[in-house]
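User: Could you take a close look at one of the cysteines in this model for me, and then set it in the context of the whole chain?

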Amino acid sequence: MYIYPKMYDVLVIGAGHAGIEAALAAARIGAETLLLTMNADTVGQMSCNPAIGGLAKGHLVREIDALGGEMGINTDATGIQFRMLNASKGPSTRAPRAQCDKKAYQFRMKATLERQPHLELKQASIDEILVEGDHVTGVKTHFGVTYQARTVVVTTGTFLQGLLHVGLNSSPGGRMGDQASGLSASLKNLGFELQRLKTGTPPRLLKKSIDFTQCTIQTGDEPAPTFSYLVDTLTPHKDDFFTLNKWQDGMFHVEQLPCWITYTSAQTHEIIRANLDKSPLYRGIIHGIGPRYCPSIEDKVVRFADKERHQLFLEPEGRHTDEYYVNGCSSSLPYEVQVAIIHSIPGLQNAEIMRPAYAVEYDFAPPTQLQPSLETKRVGGLFFAGQINGTSGYEEAAGQGLIAGINATRKVQGQPPVVLGRHEAYIGVLIDDLVTKGTQEPYRMFTSRAEYRLLLRQDNADLRLTELGREVGLANDERLRRVRAKKGAMEQLMAELRSVHAPDSSQTWAQYLKRPEISWKDLPTPFQSAPPDAALQVETEIKYSGYIEREKAHIEKSRVSENQPIPAWLDYDQVQGLKTEARLKLKKVMPQTFGQAARISGISPSDIAMLRIYTKKHSH
């Protein structure tokens, strides 16, 4: 056995989207960080859809960027199509989405990691997490190398005991072409509960074999909506091959590629129904629970039998590849059935499958075993982030990774953890849902999960989070300067709008702007020179002021309960009158505040009342 002669502050296992953000956050704050991956050639790989953002997911990416993370700027640098979803709807539901160049995204992210001070990237497969007493001390690799660390962040994605399914054939793997991780045994030996989940991916097709004349084109938005608040810093050097887009002459320059829309047919559905006996999902071979909101094509046909067709998106995987991703057609049916399915779809009658669809089944650790900081309750200094916590999606993983990296570093520094509230960020909603309620299926973020959607818009993530990012040492001085300038401009605009009256009217311009038929462009010329981002915020706050104030009042009303800690000495077994079900759930989650306790599924207001009475009576 070889002990590597260096002690790391933070060691991250896995270089997917969670691991990348965790490692970069730790290193940028100043922690000596080691990032270990089973394959250094697949760092940051987009295993499924080569896209970032979307409904609620775009909010997460904007928050990651506002805190000082990397996903947003990397997406802007490598995107090939940008759209603002729900642009015609209310501001709380609008969300940016970008189709990315799969390889450019991956290679640019790898280069960012390699060039980051305080960060080392190494290839290794981890067999064991090392623990002394109740605290993590490092890891041991498959080749017997021990790396010592003060904290460890586990971001293993779908690789824990991963099993790939194509029809009735299955083989170990966390992704097609990559081996599975055997770390599950070590986690079980440490006492962690593990369960199984399942996800899937569609086939990839060759561009020249697709008849796009039978499909409907879907173009990007002009101008392209971006993710990063520092997008104007994208100025690639001559050797920077993987930064495809740039900021020049006051504009974001991107050469956008179209996506295409087609639909399944009656023949498609007949083929699927006739071959369900060959589906590992319907044969009971797959035991893991799949994502409810991203079902396989066979699941759609069975569950929505009344639908005559299902929409599919043909999405380019990059500027320099001719592979197309068939969004909406994930499957685990046999290869020959996949061929028949594809050939039954308009525009794809002669399509060539370059990579087959497959399902992957994997272990995850129910996230109620975590504290709100994402540190495990069982082992001090050990953090979990990403799909190991039962989530789906790159964005959910990255958000968790960022917080885990911040808090692993703060633990080493002796600082209290950063825990975002549900009223502060979608990342806060995500983590609170996981650690408080757990999940029985791959968890996906939706705007409907947030109680304060109007306060948590994608356009104000910097106003909500950048000062916190700077406080913890992650966001840089330029980010802070811009946010403060934006806030100053907003205050000035708001004061002018509220004090200046419209001509021949008793109304101020603020009252005038509140009318639904009036927008910022209808205001006098002096207001048109205002910074666009500040003007957008002011207009939204004025138009939705009643709803915003109502959300703020609700937050204030619940603040006392939300922040009131549950004493560490409280023994739930001693609380008389507490239902057995409630007692078991409280002991499993071990909530830190009364607010968190109230959000546990199955915990009633009367249960909370009993806890309050008991703690008040027995307080010393």
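Analyst: Happy to. Cysteine 329 is buried, at a relative accessible area of 3%. Please keep in mind that this is a predicted model. As for a bonding partner, the closest cysteine sulfur belongs to cysteine 294 and lies 11 Å from the sulfur of cysteine 329, which is too far for a bond, because a disulfide needs the two sulfur atoms within 2.5 Å. That fits the wider search, which finds zero disulfides in the whole structure. Cysteine 215 is likewise in no disulfide, and its nearest cysteine sulfur, that of cysteine 259, is 12 Å away. Cysteine 215 counts as buried too, at 10% relative accessibility.

Now for the setting. Of the 620 residues of the chain, 57% count as buried. The chain holds 19 helices and 22 strands. Its radius of gyration is 25 Å, close to the 25 Å that the globule rule gives for 620 residues, so the chain is as compact as a globular protein of that length. Along the principal axes, the C-alpha trace spans about 75 × 75 × 55 Å. Among contacts with a separation of 6 or more, 73% are between residues 24 or more positions apart.

Turning to the surface, the chain exposes about 26400 Å², and carbon and sulfur atoms supply 51% of that area. There are 71 positive and 69 negative side chains, and the centres of these two sets lie 4 Å apart.

A few loops are also worth a visit while you have the model open. In the loop between strand E14 (216–218) and strand E15 (246–248) you will find proline 223. The peptide bond leading into proline 223 from glutamate 222 is cis, with omega near -5°. Past E15, the loop that runs to strand E16 (251–253) holds aspartate 249. Aspartate 249 is not a glycine, yet has a positive phi of about 55°, and it is exposed, with a relative accessible area of 69%.

Glutamine 161 also has a positive phi, near 50°. This glutamine sits in the loop between strand E9 (145–154) and strand E10 (163–166), and at 41% relative accessibility glutamine 161 counts as partly exposed.

Finally, proline 567 is in the loop between helix H16 (545–563) and helix H17 (580–589). Proline 567 is partly exposed, at 22% relative accessibility. Its C-alpha atom is separated by 8.1 Å from that of glutamine 592, 25 residues apart along the chain.

Note on methods
Residues are numbered from 1 along each chain as its sequence is written. This is a predicted model: local features need pLDDT of at least 70, side-chain atom pairs count only at pLDDT 80 or more; totals for chains, interfaces and linings use all residues. Side-chain values use heavy atoms; hydrogens and water are left out. Helices (H or I, at least four residues) and strands (E, at least two) are DSSP runs, numbered from the N terminus. The radius of gyration is taken over C-alpha atoms; the globule rule is 2.2 Å times the number of residues to the power 0.38. Buried means under 20% relative accessible area, exposed over 50%, partly exposed in between (1.4 Å probe, protein chains only). Contact means heavy atoms within 4.5 Å. Accessible areas come from the Shrake-Rupley method with a 1.4 Å probe; for residues, only the protein chains shown count as cover. Lys and Arg count as positive and Asp and Glu as negative; His and the chain ends are not counted. The place of a charge is taken as NZ of Lys, CZ of Arg, CG of Asp or CD of Glu.
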